[in-house]
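User: Please take a close look at one part of this model. Which residues make up the largest nonpolar core, and what packs around them?

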Amino acid sequence: MDAEKKTVGQDEETLPSLVSFFRLREAHEAQEALFHQHQCCLVDRELDQALLLLKQYRAQILRHMRDEEEILLPLYEKGQILPGGQGNYFVQEHRKLLDFLDRIKDAMEVLALAEGDAWYRALFTVLDLETTFKNIGEHHEAREEKFLFPGLDALVPREARLGILKRCKSLAL
Ligand SMILES: [Fe+2]
Ligand SMILES: [Fe+2]
């Protein structure tokens, strides 16, 4: 009986973080940390490393987008969708973010060949694109926190949530 009580108590303590789809914030935080490392290398003129980190970042967000598009959005769309929270909006934003990453990569290739004053102009082109990219990404994540995660929490019973989250490759569960 005591052991049973203890288990229930532990579950109650860890329940909100373990079984909510808000757990996907962990993937967003890991992505943000990687992009920050990329930007640090960029301003330190470590372009090879900055490009490598950008490639890793792209692979990481692509994995996360696939989790959302292949696992989470098909579920979410079975629930009640509030105005502004349509599943296709998230997909369109994913495409926009990937398109911006391609533009950033192109701008970095110009930067790699630039010298003198042109180097600074090319650097600011990259940084300006990255600022816009980060703004789009923040808006996208805010919409996921407003619609997608609570929508999934409302739809999926607690006992089924962890199993779904474990299928998401962008989360280390
Ligand atoms: Fe997303
Ligand atoms: Fe996301």
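Analyst: Two residues are in contact if their C-beta atoms, placed from the backbone, lie within 7 Å. Of the contacts in the protein with a separation of 6 or more, 68% join residues 24 or more positions apart. The model is predicted, and local features need pLDDT of at least 70, side-chain atom pairs 80 or more, while totals for chains, interfaces and linings use all residues. Residues are numbered from 1 along each chain as written, with chains lettered from A and ligands numbered from 1 in written order.

The protein has 6 helices and 0 strands (DSSP runs of H or I, at least four residues, and of E, at least two). Of its 173 residues, 18% are buried (20 or more other C-beta atoms within 10 Å of their own).

The largest nonpolar core (buried Ala, Val, Leu, Ile, Met, Phe, Trp, Tyr and Cys joined through C-beta atoms within 7 Å) has 12 residues: F35, L42, A50, L53, L54, Y57, I61, L101, I104, M108, L111 and V126. Helix 2 (25-43), helix 3 (47-76) and helix 4 (87-113) each give two or more residues to this core. Helix 3 supplies the largest share, 5 residues. Beyond its neighbours within four places in sequence, I61 touches Q31 and L97. A second, separate core of 10 residues includes F90, F147, L152 and V156.

Helix 3 and helix 4 pack at about 170 degrees, their axes (lines fitted to C-alpha atoms over the stretch in contact) 11 Å apart. Helix 3 is therefore roughly antiparallel to helix 4 (over 145 degrees on a scale from 0 to 180 between N-to-C directions). Contributors include L54, R58 and I61 of helix 3, and L97, L101 and I104 of helix 4.

Key:
Angles under 35 degrees count as roughly parallel, over 145 as roughly antiparallel, 65 to 115 as roughly perpendicular and the rest as oblique.
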